[in-house]
Amino acid sequence: MVGKATVSMLILAFLLLTTSVFFGNNDLRSYLYPSMSLQPSGRFPCSNGGGGGGGGPLRVYMYDLPRRFHVGMLRRRARNDEMPVTGETLPPWPSNSGLRKQHSVEYWMMASLLYEGGGGNETREAVRVWDPETAAAFFVPFFSSLSFNTHGHNMTDPDTEFDRQLQIDVLKILRESKYWQRSGGRDHVIPMHHPNAFRFLREQVNASILIVADFGRYPKEISNLRKDVVAPYVHVVDSFTDDNSPDPYESRTTLLFFRGRTVRKDEGIVRAKLAKLLAGYDDVIYEESVASGANIKAEEAFAPPGNKGTLPLPKQSTQGMRSSKFCLHPAGDTPSSCRLFDAIVSHCIPVIVSDQIELPYEDEIDYTQFSIFFSDEEALEPGYMVEQLRKIPKERWIEMWRHLKHISRHYEFQYPPKKGDAVDMIWREVKHKLPRANLDVHRSRRLKVPDWWDRRR
């Protein structure tokens, strides 16, 4: 009897097992090899929720660095370095920071993760998580651009050693992190917007997702479009919020406007050549100016083009852009400059002369819908650029102007952050870069030989 009962129980167990496997309810390995059963983890395979696949908001873990790496540089004598930074204790960006503001992307990215106000996570591209095991990306809140401007701006000044030491210290913190070790830093996001930011040790973080203005001063093995994010400059002119002229085309009496340094290095030598070519036009303003807070912010009236025989009143950038149909953006020391984004928020159609420029959000935004592009060669052909601008019909210009007004919100840095603003778009771009970063991480874990793709020609 006992033998028959045992056989019956075995047959019944076999039938239950085969039935559950047949209907897909259980993994056979969980019966035969219990140690092989899948275990839950912080990151779920094939999940696209917050991991760069387009599902929920991007889950970002932010390193808790001492204040000296970030906001301590804003008020160097005002705060305790050990005091935690929260959305409530975050100091505002200084109103008297001048041109340092243009590279302050790092501040606004940190602020967006500190913000705990309304709006709901579903309306944001990135949210902060406190458990690194659940994070899809890791943000390093080191203000490397501000560090350069604060400590190392003169390059040879003894204070530049403070900038170097901060880089050494932050790299030590990262190398001791198991999350940096796990990915080799590939899923880490490091702002490096100023072309001289992190200049001493940048090659040691070259696997990370870098937030840059352009690639003018980076070898491609350190920074490139495949893995990094191009972020806009923080505009330094006021946004044109009441641009509601019934006839914007006619109200903007200047055809083409440029105000800035005309002597630059590298690709920027085109500026001095353009100064000669664009002289003599009554409706073109191209003048030398050293950018300053006074020049940018002042709202004084200025003499209209063609006002001969009198000394022109100060021509401030804000009014100059708002009174012009087109704003010229030639390359500077690097392919980009803040002037482009000042033009965008002034609703002045950008005219871009820069053969090597890369633009923010270009996987989603078509700049040809609101900008005009000339190669260096085309721009330096006498009369060609002005002639082409004059040929653009009023109807086409108004169409571009309307598009410019519509997309300008994507270039606004603000706190509290808003859906679709500049930082939200930057986090969206980070999310787009993560699948490739994850591919590199996963492949590196299983390769037994040097990556054979690096040897292909």
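**Note on a five-stranded sheet and a helix pair**

1. In this predicted model, five strands form an open sheet in which the pairing is parallel and the order runs 8-7-9-10-11. Strand 8 (284-288) and strand 11 (372-374) are the edge strands, each of them pairing on one side only. On average, and with direction ignored, neighbouring strands of this sheet are turned by 20° against each other.

2. Within the sheet, strand 7, which covers residues 254-260, pairs with strand 8 in the parallel sense, and five bridges join the two. Along this pairing, F258 stands opposite Y286, the latter lying in strand 8. Helix 8 (residues 270-277) packs on the sheet, where it touches strand 7, strand 8 and strand 9 (324-330), and the direction of helix 8 makes about 140° with that of strand 9.

3. Turning to the helices, helix 3 (residues 105-114) packs with helix 15 (residues 422-446) at an angle of about 85°, and their axes lie 10 Å apart. Because angles of 65 to 115 degrees count as roughly perpendicular, helix 3 and helix 15 are described as roughly perpendicular to each other.

4. Which residues of helix 3 and helix 15 meet? From helix 3 the contact takes in V105, W108, M109, S112 and L113, while helix 15 contributes V423, I426 and W427. Divided by character, the residues of the contact between helix 3 and helix 15 comprise seven nonpolar and one polar, with no charged residue among them.

Note on methods:
Residues are numbered from 1 along each chain as its sequence is written. This is a predicted model: local features need pLDDT of at least 70, side-chain atom pairs count only at pLDDT 80 or more; totals for chains, interfaces and linings use all residues. Side-chain values use heavy atoms; hydrogens and water are left out. Two strands pair if DSSP finds at least two bridges between them. Helices (H or I, at least four residues) and strands (E, at least two) are DSSP runs, numbered from the N terminus. Axes are lines fitted to C-alpha atoms, for helices over the stretch in contact, and angles run from 0 to 180 degrees between N-to-C directions. Contact means heavy atoms within 4.5 Å. Angles under 35 degrees count as roughly parallel, over 145 as roughly antiparallel, 65 to 115 as roughly perpendicular and the rest as oblique. Ala, Val, Leu, Ile, Met, Phe, Trp, Tyr, Cys and Pro count as nonpolar, Asp, Glu, Lys and Arg as charged, and the others, Gly among them, as polar.
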